[in-house]
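Visitor: Hi, I've got this protein open on my screen and I'm a bit lost. Could you walk me through it?
Guide: Sure, let's bring it up and look together.

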Amino acid sequence: MSRIRSLRQDDLSQVVALYRSYLAVPNVAAVDELRMAFEQVFLGQPLSDPSIPSLVFEGSDGEILGFIGSLVHRMRFEQRSVRLACSSSLVVSPKARQFGPGGLLMRKYLSGPQDLTMTDTAGPATERMWKSLGGSMYHLGSVSWLHLLQPVRAAVGLKLWHLGRQQRLRLVRPLCRPLDAVYSRFSKTDGTGDVDEHTEEQLSPQLLIDHLRLGPQQFDLWPDHDAESLGLLFDQIGRSRSNGQFVKKFVRDARGKPLGWYIASLLPSDIYRVLGLAATPGKEELLFRHVLRSAKDLNAAAVAGRLEPWLFEVLPRRTMMLSRVRFLIHSRDEAICDAVRSSKALLTGLESDVWLPR
């Protein structure tokens, strides 16, 4: 008889095979990398919680026919401790879809003891299931921005990445340069020259904890990090080859005053993906220009990230807005959902699963 149960270590080979066969894009990570990542993230510390486990749908013969991953983060809501659970990597074998295991896994997961559940990499099918189970969309969080630095190389890099042939990008980069040079000549500069006097230092776990809030803005929901767990999370993200070059920096101005911090990855597609950033009030544009300069110094073809309210005032005019995935939330406490929807939640980007190997 089919059943839903918690993920066990001896399930990992079947889960990885299922993921690679029916969910992952052509550039999927290698089996060994995925198995190691899934074991560390879904069964290890600091993101697994036995009371909110990753789940599998097991067929009557013991075959794993469905999976949903669970990443659990400690948060503070007003004056109390809460748990945020990020659902990840929902995948179902076609041979089992007649039983509706995707909906059953989602129902079971959302009924757990977590105070808030989120996913920000959902597609239309997950959105329909989520809303039927009482969830909703965070519309602003579902919008991404993309700023082109070298548009021809960015387009080629994304195409090769989607085809699983990103290793060929190093061969075609020289072919893109003439057209990208024309674009740069006729487009306005992004005004990054004034960041030369800024200084950077590595964003350590303790430095992020100490500067999580950089201004007077009041948040109702925010991460409750500890340095040890945050360090383990940084290590997990940095080890993933699919994340490319992992960058985490704390930025100061010429007088040594904090401008803010940012966390990003230079992906194998040459896209500089910003996971999270926060600026000192009044310094938002300076920090963003610094991030653009950092991307240029690393020879990125484009910079991308999730839209935040304050970014409306600092994004360059040539920035594109995209809405390809859904940011979904679910909670039995409507006040927590309201905090997210009204931008009263401080989210660093580390709460997402976007950094997992694909």
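Guide: We'll go through some helices, rings, loops and empty spaces, and keep in mind that this is a predicted model.

Visitor: Okay, start at the beginning of the chain. How do H1 and H2 pack, and at what angle?
Guide: Helix H1 covers residues 12-22 and helix H2 covers residues 31-43. They pack at an angle of about 115°, and their axes are 10 Å apart.

Visitor: Is that crossing left-handed or right-handed?
Guide: H1 passes H2 in a right-handed crossing.

Visitor: Which residues make the contact?
Guide: From H1 you have Leu12, Ser13, Val15, Val16, Tyr19 and Arg20. H2 brings Val31, Leu34, Arg35, Phe38, Glu39 and Leu43.

Visitor: And what classes do the residues in that H1 and H2 contact fall into?
Guide: Eight are nonpolar, one is polar and three are charged.

Visitor: New topic: rings. How many aromatic pairs are there?
Guide: The structure holds seven aromatic pairs. One of them is phenylalanine 38 with phenylalanine 67: their ring centres are 6.2 Å apart and their planes sit at 20°, so the pair is stacked.

Visitor: Why does 20° make it stacked?
Guide: Because planes under 30 degrees apart count as stacked, and the planes of phenylalanine 38 and phenylalanine 67 are at 20°.

Visitor: Where in the chain are phenylalanine 38 and phenylalanine 67?
Guide: Phenylalanine 38 is in helix H2, while phenylalanine 67 is in strand E3, residues 64-77. They are 29 residues apart, and the pair links distant parts of the chain.

Visitor: Anything odd in the backbone? What kind of peptide bond joins glutamine 45 and proline 46?
Guide: That one is a cis peptide bond, with omega at about 15°. You'll find proline 46 in the loop between H2 and strand E2 (55-58).

Visitor: What about asparagine 299, is its phi positive or negative?
Guide: Its phi is positive, near 65°, and asparagine 299 is a residue other than glycine. Look for asparagine 299 in the loop between helix H9 (284-297) and strand E13 (302-306).

Visitor: Now the holes. How many cavities of 30 Å³ or more are there?
Guide: There are two. The largest cavity has a volume of about 60 Å³, and the second largest has about 30 Å³ of space.

Visitor: Which strand gives the most to the lining of the largest cavity?
Guide: E12 does, with four residues. E12 and E13 each supply at least two. The lining includes Trp145, Val274, Gly305 and Thr348, and by class the lining residues are five nonpolar, three polar and two charged.

Visitor: And the second largest cavity, what lines that?
Guide: Leu110, Gln114, Asp115, Leu116, Thr117, His330, Ser331 and Arg332. Two residues of that lining are nonpolar, four are polar and two are charged.

Visitor: Last one: what's the volume of the second largest pocket?
Guide: The second largest pocket has a volume of about 510 Å³. It is lined by 26 residues, and those nearest its centre are Gln217, Phe219, Ala278, Trp310 and Leu346.

Visitor: Which strand gives the largest share of that pocket's lining?
Guide: Strand E12 again, residues 271-279, with four residues. The pocket's lining splits into 17 nonpolar, five polar and four charged residues.

Terms used: Residues numbered from 1 in each chain as written. Predicted model: local features only at pLDDT ≥ 70, side-chain atom pairs only at ≥ 80, totals over all residues. Heavy atoms only, no water. 1 Å grid on protein atoms, 1.4 Å probe; cavity = no way out; pocket = protein on both sides within 12 Å on 5 of 7 lines; lining within 4 Å. Points joined across faces, edges and corners; volume = space filled by probe spheres on them. Nonpolar A, V, L, I, M, F, W, Y, C, P; charged D, E, K, R; others polar. Axes fitted to C-alpha atoms, helices over the stretch in contact; angles between N-to-C directions. Left-handed = near helix turned anticlockwise from the far one by under 90°. Contact = heavy atoms within 4.5 Å. Phe/Tyr/Trp six-rings, centres within 6.5 Å; stacked < 30°, edge-to-face > 60°.
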